[in-house]
Amino acid sequence: MPDSLTVLGHTDLISEFRGDLRYLTVPKDDAQLTMVGLKVHRPLVLFASLCPYHYHEASARAFTPSETWQQWLHFRQTIEDSPSFHVLLPGEKIDPTQTEKVQLLLHLEGAHPIEEPAGLEQFVAFGGQALTLTWNTANQYAGGALSKGGLSDLGKEFLAEMERLGVLLDVSHLNETSFWDVLEVYRGPIMASHSNARELVDSPRNLTKRQLHALRERPSWVGVSFARSHLTTHSQSTVDDVVLHFEALREDLGLERVGVGTDFAGILSGPPKGLETVGQLPHLWQMLAANGWSEAEIVAVRGQNFLNFFVNST
């Protein structure tokens with residue numbers, strides 16, 4: 001199991017980029033992603049996401065399209081010059097034996113900077129592999145997790161273009177109305193990169209049993225979020241809370257569709273005690289084993305399930 005593929009379905013690696021990679025190599029004390037921690041896992045694939053909002057500000061104002069693509073392209077140029085990373089471009093396959101470099105899939109957390117469906121071609125040309133239609137607020141395409149409204153007519157056109165281009169749809173930040181609207185019209189594979197079981201925690205960012213059962217009927221993958229507000233109603237979450245959500249998703253979604261999301265570098269409500277950094281993930285594998293999970297089941301949720309999903313979706 002030490003050499004098993006690890007896949008992290010969501011990290012805010014692009015959002016936290018500030019012009020160079022010192023935020024990984026010389027991190028702050030509370031950094032959730034570090035080069036030291038990333039080296040614990042090989043082979044490793046992670047989604048590098050840009051949330052195009054100033055979410056550290058009280059207003060959480062949206063990026064303009066020019067701000068978005070400036071940040072995106074500067075990150076991509078910098079990361080491609082690094083010997084430690086490899087950006088997987090659209091059409092490129094994951095190498096489950098790659099141990100020298102971290103493989104990155106580029107993700108946009110909120111599609112408002114793509115001002116119309118035709119702009120998706122540019123997103124793909126920029127290396128984009130996956131996106132959420134919204135962040136927490138509504139935009140021209142759909143209603144976000146903390147807003148009202150459903151999928152718009154323009155959103156339906158956007159989804160059709162996503163299907164045509166093979167861009168992966170991430171439903172983690174949709175509100176429930178938009179989720180069901182999407183399932184009515186969208187026929188492609190669906191991921192929820194960092195969402196948990198609403199049966200355990202009634203957060204609008206989590207998925208109900210009915211939603212999970214619907215995803216079970218189609219090609220899908222859900223990554224467990226490590227954000228405290230998605231894990232527990234208490235002031236501190238723990239590895240035990242993470243295990244409980246893994247077990248709830250296994251029950252309602254099916255083992256083969258469950259994986260590791262995290263949201264590292266973007267967990268504003270605090271990560272679980274004992275899983276504060278990416279380097280501590282082996283503690284999760286140990287806790288799953290202690291709760292009766294077999295080695296094959298842990299290998300599956302650690303990365304093999306996502307690999308199967310990705311191979312069948314692209």
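This passage describes the overall build of the protein, one of its helices, and its aromatic and charge-over-ring pairs.

The structure is a predicted model, in which local features need pLDDT of at least 70 and side-chain atom pairs count only at pLDDT 80 or more, while totals for chains, interfaces and linings use all residues. Residues are numbered from 1 along each chain as its sequence is written, and side-chain values use heavy atoms, with hydrogens and water left out.

The protein holds 11 helices and 9 strands, taken as DSSP runs (helices: H or I, at least four residues; strands: E, at least two) and numbered from the N terminus. Its radius of gyration is 18 Å, close to the 20 Å that the globule rule gives for 314 residues, so the protein is as compact as a globular protein of that length. Here the radius is taken over C-alpha atoms, and the globule rule is 2.2 Å times the number of residues to the power 0.38. The C-alpha trace spans about 50 × 45 × 40 Å along its principal axes. Of the 314 residues, 59% are buried (under 20% relative accessible area; exposed means over 50% and partly exposed lies in between, with a 1.4 Å probe and protein chains only). About 12500 Å² is exposed, and carbon and sulfur atoms supply 50% of that area, as computed by the Shrake-Rupley method with a 1.4 Å probe. Contacts (heavy atoms within 4.5 Å) often reach across the sequence: among those between residues at least 6 apart, 72% join residues at least 24 apart.

Helix α10 (residues 281–290) offers a clear example of sidedness, with Leu-281, Leu-284, Trp-285 and Leu-288 buried. Seen down the helix axis, the buried residues of α10 fall within an arc of 100°, so they line one face; the arc is that of the directions from the axis to the C-beta atoms. An α-helix has 3.6 residues a turn, so residues three or four places apart point the same way. Gln-286 and Ala-290, on the other side of α10, are exposed. The cover over the buried residues of α10 includes β1 (6–11), α9 (239–253), β9 and α11 (295–313). Just after the helix, Gly-292 takes a positive phi of about 95°.

Which rings pair up? Rings of Phe, Tyr and Trp (its six-membered ring) pair if their centres lie within 6.5 Å; planes under 30 degrees apart count as stacked, over 60 as edge-to-face and the rest as tilted. By this rule there are 16 aromatic pairs. In one of them, the ring centres of Tyr-141 and Phe-158 are 4.2 Å apart with planes at 35°, so the pair is tilted. Tyr-141 lies in the loop between β5 (128–132) and α5 (153–165) and Phe-158 in helix α5, so the pair ties together parts 17 residues apart in sequence. Tyr-141 is buried, at 0% relative accessibility, and Phe-158 is likewise buried at 0%. Phe-226 and Phe-264 form an edge-to-face pair, 5.5 Å centre to centre with 90° between the planes. This pair links Phe-226, in the loop between β8 (220–225) and α8 (228–231), with Phe-264 in strand β9 (residues 258–264), 38 residues apart. Ring pairs also join Phe-47, Trp-221, Phe-306, Phe-309 and Phe-310 into a cluster.

Charged side chains meet rings too. Arg-210 lies over the face of Trp-180, at 4.0 Å from the ring centre, and Arg-250 lies over that of Trp-293, at 4.1 Å. A charge sits over a ring if NZ of Lys or CZ of Arg is within 6 Å of the ring centre and within 35 degrees of the ring normal.
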